[in-house]
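The following paragraphs give a guided reading of the structure shown below. They proceed from the arrangement of domains to the contact between chains, and then to selected local features.

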Amino acid sequence: MGELIHADNLHKSFGAIRAVNGVTFRVNAGEVVGFLGPNGAGKTTTMRMLTGFLEPTHGDVVMNQLLLREDPIGARRSFGYLPEGAPAYPDMTVREYLMFIARARGIPSKEIAARIADVVMRIHLRVVVDQVIETLSKGFKRRVGIAQAIIHDPPILIMDEPTDGLDPNQKHEVRELIRTMGSTKAIVLSTHILEEVEAVCTRAVVIAAGRVVFDGTPAEFDRLAPASITRNRMDYAFRAMTSQASEVAS
Amino acid sequence: MSPWRTVFQREFKAYFATPLAAVFLVVFLFLAGILTFAMGGFFERGQADLRSLFQFVPWLFLFLAPSLSMRLWAEERRLGTIEILTTLPIPLSHAVWGKFLAAWLFSLLALALTMPLWVTVSWLGDPDHGAIVAGYVASAMVSGIFLAIGGCVSATTKNQVIAFVVTVVVCFLAMLSGFPLVLDFFRGWLAAGAVDAIASVSVLSHFNSLMRGVVELRDIVYFASAICGLLIATHFMIDWRKSA
């Protein structure tokens with residue numbers, strides 16, 4: 001398997017505001033890409049364009065060799081998506097919700113129960129599986145969001161802040177899960193947490209003011225900080241990169 | 001399972017997951033009862049028919065259908081679940097139809113619960129069953145068109161209260177557009193052809209014509225095409241928000 005995601009020169013304007021201004025990157029199978037950037041840099045907008053929730057003003061998305069614009073249904077089959085804030089229907093139980101997603105994803109009825117049992121085990125949802133989503137803690141809600149994204153075992157995963165709101169133990173579990181899945185899938189995850197990049201990502205893409213300002217491995221990212229910096233080197237490199245870009249943009 | 005059925009099932013069950021279903025059914029039946037017996041003169045008219053019920057159905061649905069339709073899309077937007085729904089591999093048209101049919105079936109359930117009245121008139125006298133069937137068909141059509149309007153309005157906002165209020169106003173205008181009061185207002189500044197067109201889209205005149213007991217193709221075509229048109233408009237509205 002080769003290239004699974006290709007974001008080609010994506011632009012998005014909301015009225016006069018240019019949220020994303022020419023973002024291009026590619027992700028292959030076996031890669032976990034950390035999508036970084038300050039708040040308002042265009043991370044969520046870019047992810048929304050990758051999944052087709054927003055239409056780019058200009059540019060194209062190719063998912064699993066399918067042009068999203070031409071074959072939206074085919075392209076959508078090939079990815080799982082955890083949107084910002086991990087939304088889910090609050091009035092459904094976890095099981096009902098996963099069943100709904102599984103059916104909508106076209107998983108054959110005979111397999112649905114087994115698939116649900118599998119994700120429930122992998123994401124540790126067993127204790128809440130018959131609980132109404134409304135009553136779940138933030139951490140469990142986030143995990144339900146991850147469960148619905150992987151229930152059909154897609155080759156591509158797009159996750160907007162998958163570890164946000166989780167406690168350190170849960171963060172560790174989710175990172176382990178992502179690392180395991182990352183060996184075969186193409187994964188894009190957005191995060192604010194730079195250690196997460198070191199912990200799970202094979203590559204980092206940094207965007208600022210709607211443009212890609214860095215695309216490389218975590219080690220390369222680290223090398224951007226001068227040798228004199230000994231602590232929080234990634235923080236330093238991130239600040240240097242993103243503040244420059246924001247100044248140029250303004 | 002066909003994608004529209006998946007959406008339809010979820011949506012239909014969602015009405016029963018909250019007190020909405022119970023509140024709606026109780027209020028609908030309570031008001032239908034009061035209007036039929038107190039204002040419609042069900043017994044006083046001395047006729048074995050259900051006109052005293054049906055004449056109030058459009059007015060009941062005017063306020064109650066928007067309470068069913070307001071959540072259809074506005075709630076998805078508020079919760080953010082629209083991002084999940086519209087990125088699942090199901091055609092948007094299936095989502096639009098599934099949601100509409102769930103709301104419609106629910107309103108038909110409310111209508112079906114008035115059927116004891118039918119049993120009562122059959123027991124008291126010898127009603128024209130064809131006319132009663134026509135009355136139910138007309139009522140179902142009115143609820144369908146109001147829910148389609150409501151779904152379309154709901155697709156434009158994430159605020160359910162706004163969706164409710166705007167839907168009531170639009171349904172009210174659609175209902176009364178054949179009335180002299182409305183037509184006189186337009187007659188001042190629109191061509192005669194345009195005024196006739198407005199008159200012909202009146203929900204109430206098509207409802208009354210159906211209720212007279214003659215199920216005419218013209219009226220059915222009117223309701224069916226209006227509902228389809230509104231669902232297509234809903235589809236476009238959601239698509240448009242994607243590229244806006």
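The model is predicted, and every value that follows is computed from it. Three salt bridges cross the interface of domain 1 of chain A and domain 2 of chain A. The two domains concerned are defined along the chain as follows: domain 1 comprises 3-78 + 154-249, and domain 2 comprises 88-153. Taken over C-alpha atoms, the centres of the two domains of chain A are 25 Å apart.

The contact between these domains involves 17 residues of domain 1 and 13 residues of domain 2 of chain A. About 1200 Å² is buried between domain 1 and domain 2 of chain A, and carbon and sulfur atoms give 58% of that area. A salt bridge in chain A joins A:Arg142 to A:Asp164, with 3.9 Å between the closest N and O atoms. Polar contacts also cross the interface of domain 1 and domain 2 of chain A: four residue pairs are found, both residues being at pLDDT 80 or more. On the side of domain 1 of chain A that touches domain 2, the elements giving two or more residues are helix H2 (72-77), strand E7 (156-160) and helix H6 (168-182) of chain A. Of these, H6(A) gives the most to that side, with five residues. Sorted by class, this side of domain 1 of chain A has eight nonpolar, two polar and seven charged residues.

The next interface is that of chain A with chain B. Here 27 residues of chain A and 25 residues of chain B take part in the contact. The area buried between chain A and chain B is about 2500 Å², with 63% given by carbon and sulfur atoms. Within chain A, the residues that lose the most area to chain B are A:Phe53, A:Arg76 and A:Tyr89, which together account for 26% of what that side buries.

Two salt bridges are found across the interface of chain A and chain B. A:Arg48 forms a salt bridge with B:Glu83, in which the closest N and O atoms are 3.0 Å apart. Nine residue pairs, both at pLDDT 80 or more, are in polar contact between chain A and chain B. Strand E1 (3-14), H2, strand E6 (79-82) and helix H3 (94-104) of chain A each supply at least two residues of the side of chain A that touches chain B. The most is given by H3(A), with five residues. By class, the residues of this side of chain A divide into 16 nonpolar, three polar and eight charged.

Which residues are in contact with B:Lys242, leaving aside its neighbours within four places in sequence? They are A:Lys12, A:Gly52, A:Phe53, A:Leu54, A:Glu55 and A:Arg76. Among these partners, A:Phe53 and A:Arg76 belong to the group in chain A that loses the most area to chain B. B:Lys242 itself is found in helix H14 (residues 217-243) of chain B. Its relative accessibility is 16%, so B:Lys242 counts as buried.

Within chain B, helix H13 (residues 203-211) is largely enclosed by the rest of the structure, because seven of its nine residues are buried. The buried residues of H13(B) are B:Val203, B:Leu204, B:His206, B:Phe207, B:Ser209, B:Leu210 and B:Met211. Their cover includes helix H3 (51-54), helix H4 (57-69), helix H9 (129-154), helix H10 (160-176), helix H12 (192-200) and H14 of chain B. At the start of H13(B), a side-chain oxygen of B:Ser202 comes to within 3.3 Å of the backbone nitrogen of B:Leu204. Just after H13(B), B:Gly213 has a positive phi of about 105°.

Backbone geometry also draws attention to two residues of chain A. Most residues other than glycine have a negative phi. A:Glu161, however, has a positive phi near 50°. It lies in the loop between E7 and H6 of chain A, two elements that contribute to the side of domain 1 of chain A touching domain 2. With a relative accessible area of 15%, A:Glu161 is buried. A:Ala209 likewise has a positive phi, near 50°, and lies in the loop between strand E9 (203-208) and strand E10 (211-216) of chain A. Is A:Ala209 buried or partly exposed? At 28% relative accessibility, A:Ala209 counts as partly exposed.

Conventions. Residues numbered from 1 in each chain as written. Chains lettered and ligands numbered in written order. Predicted model: local features only at pLDDT ≥ 70, side-chain atom pairs only at ≥ 80, totals over all residues. Heavy atoms only, no water. Domains from an automatic or database assignment. Contact = heavy atoms within 4.5 Å. Buried area = accessible area lost by both parts, 1.4 Å probe. Salt bridge = Lys/Arg side-chain N within 4 Å of Asp/Glu carboxyl O. Polar contact = N/O pair within 3.5 Å; in protein donor to acceptor, adjacent residues only side chain to side chain. Helix = DSSP H or I, 4+ residues; strand = E, 2+ residues; numbered from the N terminus. Nonpolar A, V, L, I, M, F, W, Y, C, P; charged D, E, K, R; others polar. Buried < 20%, exposed > 50% of the residue type's maximum accessible area, 1.4 Å probe, protein only.
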